[in-house]
Amino acid sequence: MAMRVEEITSHDMTGTQLLVELNNVGKVYPNGTVAVQNANLKAGEGEFLSFVGPSGCGKSTIFNMITGLTGPTHGQMSVLGTTPKQARKHNETAFVFQEHTLLPWTNLIENVTLPLSLRGVSKKQRYAEGERVLELVGLKDYIKSLPRQLSGGMKMRVSIARALISRPKLLLMDEPFGALDEITRQTLQDELLNIWSKEKTMTVLFITHNVFEAVFLSTRVVVMTPRPGKISDVIPIEAPFPRGDAFRSSNDFGEYVGLVSGCLKH
Ligand SMILES: Nc1ncnc2c1ncn2[C@@H]1O[C@H](COP(=O)(O)OP(=O)(O)OP(=O)(O)O)[C@@H](O)[C@H]1O
């Protein structure tokens with residue numbers, strides 16, 4: 001397999017719906033910190049993009065701009081054909097953090113359907129959707145359980161289920177598996193790819209410090225430089241899906257990990 005690093009601005013999106021576009025995007029915080037500089041990126045429908053880079057290089061800042069939580073100070077951004085804020089208002093983007101942020105006093109079905117309760121959706125419809133997403137993450141038998149009765153990996157699955165409840169077109173995940181042990185982490189990687197393949201058109205943007213994880217999950221890996229963060233390389237991972245342990249132990253996998261690690265160092 002020929003491995004390559006892509007020209008960042010030239011990714012061919014012909015025939016795919018463009019979901020996220022960053023044109024020379026920059027972010028300078030009010031205290032003068034230049035967090036992101038001249039970031040250019042296009043993400044299409046159904047892609048899985050992982051972002052890797054040293055701590056403080058602006059990965060979370062890029063995600064916060066894509067979700068409209070903070071605005072860019074330079075350049076233009078478009079998310080689902082509109083502004084990031086509008087896309088969030090239409091419930092087309094969803095976010096999963098490393099911390100599970102579940103309500104401790106209420107059960108799983110209430111936790112995952114919270115976004116629908118806030119929108120006034122009927123209980124019957126909420127529960128039908130809640131069961132759908134809990135089944136997707138393999139927790140249908142735990143509907144009435146409380147978060148404290150679950151392991152760390154299970155809590156993360158609940159967070160993913162809650163993010164999926166609104167059927168988002170764009171799912172952003174900021175180091176979701178960083179606090180998990182290696183075996184649980186690999187299981188959740190497998191499950192996430194399963195969910196992503198079922199949802200078909202959902203695009204996932206994923207931050208990780210783990211190069212192995214980035215290569216395993218992604219259609220492309222986005223490499224960032226130390227602060228001020230720039231997108232230095234984009235590496236297509238051209239291994240077929242579904243992926244599993246055979247890919248993890250393949251020569252191609254090792255070569256991709258080497259390629260991404262090399263880009264991180266230069
Ligand atoms: N609200 C803020 N005000 C000022 N500076 C900020 C703010 N948020 C982040 N920064 C700074 O911007 C830079 C980029 O931060 P960001 O959290 O985006 O990086 P990151 O790549 O996600 O880091 P990590 O991998 O450690 O999570 C850092 O130097 C950080 O200290």
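These are my notebook entries on a predicted model, covering a sheet, the surroundings of a ligand and a nonpolar core.

**Entry 1. The sheet**

I began with strands β1 and β2. Strand β1 covers residues 18-28 and strand β2 covers residues 34-44. I found them paired in the antiparallel sense, over seven bridges.

I then looked up which residues face each other across this pair. Leu22 is opposite Leu41 in β2. Val28 is opposite Val34 in β2.

Next I went to the turn of the hairpin that β1 and β2 form. Five residues lie between the two strands. Gly32 in this hairpin has a positive phi, near 95 degrees.

I followed the pairing further and came to an open sheet of three strands. I noted its order as β2-β1-β4, with antiparallel pairing. Why do β2 and β4 each have one side without a neighbour in the sheet? Both stand at the edges and each has a single partner strand, so one side of each is left free of a neighbour there. I put β4 down as residues 74-79. From one strand to the next, the twist averages 15 degrees. As a general reminder, I wrote that strands of a sheet pair through backbone hydrogen bonds.

**Entry 2. Around the ligand**

I turned to the ligand and asked which residues come nearest to it. The shell holds 13 residues, and Tyr29, Ala35, Ser55, Ser60 and Thr61 come nearest.

I sorted the shell by class and recorded eight polar, three nonpolar and two charged residues. I also checked which helix gives the most to the shell. It is helix α1, residues 59-66, with three residues.

**Entry 3. The nonpolar core**

I looked up the largest nonpolar core and found that it has 72 residues. The members that touch the most others are Ala161, Leu205, Val221, Val222 and Val260. Helix α5, residues 152-164, gives the most to this core, with seven residues.

I picked Val260 and listed its contacts, leaving aside neighbours within four places in sequence. They are Val52, Val211, Ala214, Val215, Val221, Val223 and Ile235.

**Entry 4. Leu192**

My last stop was Leu192, which I located in helix α6, residues 182-199. Is Leu192 buried or exposed? I counted 24 C-beta neighbours inside 10 Å. A residue is buried with 20 or more, so Leu192 counts as buried.

I also took one distance from this residue. Val204 is 12 residues from Leu192 along the chain, and their C-alpha atoms are 9.9 Å apart.

Conventions:
Residues are numbered from 1 along each chain as its sequence is written. This is a predicted model: local features need pLDDT of at least 70, side-chain atom pairs count only at pLDDT 80 or more; totals for chains, interfaces and linings use all residues. A residue is near a molecule or strand if its C-beta atom, placed from the backbone, lies within 6 Å of it. Helices (H or I, at least four residues) and strands (E, at least two) are DSSP runs, numbered from the N terminus. Ala, Val, Leu, Ile, Met, Phe, Trp, Tyr, Cys and Pro count as nonpolar, Asp, Glu, Lys and Arg as charged, and the others, Gly among them, as polar. Two strands pair if DSSP finds at least two bridges between them. Axes are lines fitted to C-alpha atoms, for helices over the stretch in contact, and angles run from 0 to 180 degrees between N-to-C directions. A residue is buried if 20 or more other C-beta atoms lie within 10 Å of its own, exposed if 12 or fewer, and partly exposed in between; C-beta atoms are placed from the backbone. A nonpolar core is a set of buried Ala, Val, Leu, Ile, Met, Phe, Trp, Tyr and Cys residues joined through C-beta atoms within 7 Å. Two residues are in contact if their C-beta atoms, placed from the backbone, lie within 7 Å.
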